[in-house]
Amino acid sequence: LLAWGHHAPALAVAFPAHRAELLFSDGRQQPLPRGWQPLAWNQAGTQLLMQSATSLGIWSATAPGRVRTVGIITPGVHLLQVVWLAAQAPM
């Protein structure tokens, strides 16, 4: 999985059987919390929507060791493509 954003500070990447991490343009790497996979950056590049086996959550550089759970998903469901919109989409 790969999450990129215009204003994001880094690429968020995840490989099967490895911990997800941030890859910065200067070569630095920063691990993301275990058990979470990156999905999409917000428009400002300050928060990252993430998925675990049973939850959706928000990661932020201001609290890099934790992910705030925002919802529950069905176990075994994997989101493959997500876009974080700047405003609510018309329905």
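This note goes through a predicted model, from its overall build to one strand and one residue within that strand.

1. Overall content. The protein has eight strands and zero helices. Along the sequence the elements therefore read β-β-β-β-β-β-β-β.

2. Dimensions. For 91 residues, the rule for a compact globule gives a radius of gyration near 12 Å; the protein has 13 Å, so the two agree. Along the principal axes, the C-alpha atoms fill a box of roughly 40 × 30 × 20 Å.

3. Surface and burial. The accessible surface comes to about 6000 Å². Carbon and sulfur atoms account for 58% of that surface. Of the 91 residues, 36% are buried. Taking contacts between residues at least 6 apart in sequence, 30% join residues at least 24 apart.

4. Nonpolar cores. The largest nonpolar core has 15 residues. Those touching the most other members are Ala12, Leu22, Leu32, Trp41, Leu48, Met50 and Trp59. There is also a second, separate core of five residues, among them Leu39, Leu49, Leu56 and Ile73. Strand β7 (residues 55–60) has a residue in each: Trp59 belongs to the largest core, and Leu56 to the second.

5. The sheet at the N-terminal end of the strand order. Strands β1, β2, β3 and β4 form an open sheet in that order, with antiparallel pairing. Its edge strands are β1 (2–3) and β4 (29–31), each of which pairs on one side only. Two bridges link β1 to strand β2 (residues 11–13), again in the antiparallel sense. In this pair Leu2 stands opposite Val13 of β2.

6. Strand β7 and its partners. Strand β6 (residues 47–51) runs antiparallel to β7 and is joined to it by five bridges. The two form a hairpin with three residues between them, and Leu49 stands opposite Ile58 of β7. Strand β8 (residues 67–72) is likewise antiparallel to β7 and joined to it by five bridges. Here the hairpin connection runs through six residues, and Leu56 stands opposite Gly71 of β8. Leu49 and Leu56, named in these two pairings, are both members of the second core.

7. Burial of β7. Is this strand buried on one face or both? Side chains in a regular strand alternate between the two faces of the sheet. In β7, one side carries Ser55, Gly57 and Trp59, and the other carries Leu56, Ile58 and Ser60; all are buried, so both faces are covered. Six of the six residues are buried, which means that the strand is largely enclosed by the rest of the structure.

8. Ser55. What surrounds this residue of strand β7? Leaving out residues up to four places away in sequence, Ser55 touches Trp36, Met50, Thr69, Gly71, Ile72 and Ile73. Of these contacts, Met50 is a member of the largest nonpolar core, whereas Ile73 is in the second. The relative accessible area of Ser55 is 9%; the cut-off for buried is under 20%, so Ser55 counts as buried.

9. Summary for the reader. The points to check against the model are the antiparallel pairing of β7 with β6 and with β8, the cover on both faces of β7, and the division of nonpolar residues between a core of 15 and a separate core of five. The open sheet of β1-β2-β3-β4 can be checked in the model as well.

Methods
Residues are numbered from 1 along each chain as its sequence is written. This is a predicted model: local features need pLDDT of at least 70, side-chain atom pairs count only at pLDDT 80 or more; totals for chains, interfaces and linings use all residues. Side-chain values use heavy atoms; hydrogens and water are left out. Buried means under 20% relative accessible area, exposed over 50%, partly exposed in between (1.4 Å probe, protein chains only). Helices (H or I, at least four residues) and strands (E, at least two) are DSSP runs, numbered from the N terminus. Two strands pair if DSSP finds at least two bridges between them. The radius of gyration is taken over C-alpha atoms; the globule rule is 2.2 Å times the number of residues to the power 0.38. Contact means heavy atoms within 4.5 Å. Accessible areas come from the Shrake-Rupley method with a 1.4 Å probe; for residues, only the protein chains shown count as cover. A nonpolar core is a set of buried Ala, Val, Leu, Ile, Met, Phe, Trp, Tyr and Cys residues joined through side-chain atoms within 4.5 Å.
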